[in-house]
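Subject: Structure handover

Hello,

Here is the structure you will be working with. My notes follow below it.

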Amino acid sequence: MRIEDPKIAAALTELDVQLKPAASLAELTSLGIGGTTDLLRITKHESIPDLLNLLDAQSVPHRFLGGGSNLLVGDGELPWVVLQLLSPEPDIVLDGNFAQVDAAADLGRAVTFCAKHDLGGMEGLIGVPGTVGGALRMNAGAYGMQIGSYVREVKLYRAAQRRLETLRGDQISFEYRHTSFAPDDMMLAVKLELPSKPYPEILKGIRICNEKRRASQPLGQKSAGCIFKNPLGASAGRMIDELGLKGLSVGDARVSDRHANFFVNAGKASAKDMLALIADVSERVQKSFGTILEYEVVVWDA
Ligand code: EPU
């Protein structure tokens with residue numbers, strides 16, 4: 001979708017929102033899939049209510065992008081503009097055991113920055129791509145930990161109330177890859193409380209998790225991490241593997257040979273290819289195991 005009205009463009013400039021016309025979502029997502037649309041980069045949290053009022057008043061549909069690492073975007077010209085936060089400087093501020101982190105901060109950087117200041121707990125998240133805001137929204141986790149356990153406060157834009165709000169950690173529920181945030185809430189910043197641990201000890205944990213991840217996941221390839229959530233007490237990857245589906249392809253969309261719950265873009269896969277592969281695998285799992293796999297990846301189909 002293109003913003004062509006010069007009045008809207010001028011209003012965006014006034015809100016310090018940067019307009020990047022015809023941005024390629026393939027370049028903004030780890031899967032390397034997605035069509036084009038105008039990208040609006042937000043430099044100040046405070047401008048968000050006015051920005052969204054402006055877009056609504058002008059009937060400009062929008063989606064909010066984090067780090068694009070758990071996302072499958074449709075092909076071609078997309079029917080909505082995309083909003084993205086620009087990270088402020090500094091994006092992480094420490095105060096004792098508390099870390100105030102901007103939602104646009106890179107998750108891996110946040111883990112290592114805190115580690116270097118003897119704050120641990122998040123070792124398992126090393127290697128999880130994306131932003132802190134994205135991790136927060138879906139309660140990212142790995143190797144027995146999840147980010148929600150450390151959340152004490154979240155600053156967000158509440159779409160339903162049309163205003164910025166701060167919630168305490170105990171006002172939010174964090175479950176397996178799920179939170180109580182509304183789908184159109186925008187994560188802006190989070191205050192984490194992290195346990196004190198000496199850096200060398202944290203580093204040891206980080207190295208172990210990195211090693212496990214390298215051994216079992218296709219890290220060098222374009223993917224969105226796990227495509228499906230694990231059903232209670234089971235592993236979607238193991239089920240897909242047991243059906244012999246590693247290497248199954250539709251065009252350049254392919255079930256990874258390393259981890260069957262990772263679907264990779266092995267070249268020029270389209271969203272259509274990837275969605276067809278997801279549907280095929282999901283049908284086969286349902287037929288063989290009677291299990292309906294739930295998507296972990298977020299799909300923005302045009
Ligand atoms: N397995 C297979 N074949 C495969 C993949 C896995 O047999 O192709 C087996 C493994 O050998 C192991 C079991 O399945 O015995 C579980 O595998 P793994 O340890 O890789 O864990 P997972 O359940 O497949 C989950 C998360 C990952 C996270 C890892 C490590 C989900 C959907 N996946 O994977 O998170 O990194 O545990 O904690 O919850 C993600 O969320 O995108 C993600 C990758």
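**Parallel pair and its sheet**

Strand β2 (residues 36-42) runs parallel to strand β5 (residues 81-85), and 4 bridges connect the two. Strands here, like helices, are DSSP runs numbered from the N terminus (E, at least two residues, for strands; H or I, at least four, for helices). Two strands count as paired if DSSP finds at least two bridges between them. Within this pair, Leu40 stands opposite Leu83 in β5.

Before going on, note that this is a predicted model: local features need pLDDT of at least 70, side-chain atom pairs count only at pLDDT 80 or more, and totals for chains, interfaces and linings use all residues. Residues are numbered from 1 along each chain as its sequence is written, and side-chain values use heavy atoms, with hydrogens and water left out.

β2 and β5 belong to an open sheet of 4 strands, ordered β1-β2-β5-β3, with mixed pairing. Its edge strands, each paired on one side only, are β1 (17-24) and β3 (62-65). From one strand to the next the twist averages 30°.

Leu86 is placed in the loop between β5 and β6 (92-95). Is Leu86 buried or exposed? Neither: Leu86 is partly exposed, because its relative accessible area is 33%. The cut-offs are under 20% for buried and over 50% for exposed, with partly exposed in between (1.4 Å probe, protein chains only). Residues up to four places away in sequence aside, Leu86 touches Gln18, Arg41, Ile42, Thr43 and Ala104; contact means heavy atoms within 4.5 Å. The C-alpha atoms of Leu86 and Ser256 are 32 Å apart, with the two positions 170 residues apart along the chain.

**Nonpolar cores**

A nonpolar core is a set of buried Ala, Val, Leu, Ile, Met, Phe, Trp, Tyr and Cys residues joined through side-chain atoms within 4.5 Å. The largest one has 58 residues, and those touching the most other members are Leu40, Leu51, Val101, Leu125, Val154, Phe181 and Leu192. Leu51 is in contact with Leu12, Leu15, Val17, Leu40, Ile42 and Leu83, leaving aside neighbours within four places in sequence. There is also a second, separate core of 24 residues, and Phe228, Ile240, Ala253 and Ala269 are among them.

**Antiparallel strands**

Strand β10 (residues 151-158) pairs antiparallel with strand β14 (residues 186-193) over 6 bridges. In this pair, Leu156 stands opposite Met187. β10 also runs antiparallel to strand β11 (residues 163-168), again with 6 bridges, and here Lys155 stands opposite Thr166. The two strands β10 and β11 make a hairpin with 4 residues between them, and Arg162 in the turn has a positive phi of about 55°.

Glu165 lies in β11. Glu165 counts as buried because its relative accessible area is 15%. Its side chain makes a polar contact with the side chain of Arg163 at 3.1 Å. A polar contact is a pair of N or O atoms within 3.5 Å; within protein, one must be able to donate a hydrogen and the other to accept it, and residues adjacent in sequence count only if both atoms are side-chain atoms. Beyond four places in sequence, Glu165 touches Val154, Lys155, Leu156 and Arg158.

A further open sheet has 3 strands in the order β15-β16-β17, with antiparallel pairing. β15 (249-250) and β17 (263-265) are its edge strands.

**Ligand site**

Which residues come nearest to the ligand? Of the 20 residues around the ligand, they are Tyr143, Tyr176, Cys226, Asn230 and Arg238; a residue counts as near if one of its heavy atoms lies within 4 Å. Arg238 has a polar side-chain atom 2.7 Å from an oxygen atom of the ligand. For Ser235, a polar side-chain atom lies 3.3 Å from a ligand oxygen atom. Ala260 contributes a polar backbone atom, 2.8 Å from an oxygen atom of the ligand.

**Two local details**

At helix α1 (residues 6-14), Asp5 caps the N-terminal end, with a side-chain oxygen 2.8 Å from the backbone nitrogen of Lys7. Asp16, just after α1, takes a positive phi of about 60°.

Ser69 is in the loop between β3 and β4 (71-73). The side chain of Ser69 reaches the backbone oxygen of Pro129 at 3.0 Å.

Regards

Note on methods:
Axes fitted to C-alpha atoms, helices over the stretch in contact; angles between N-to-C directions.
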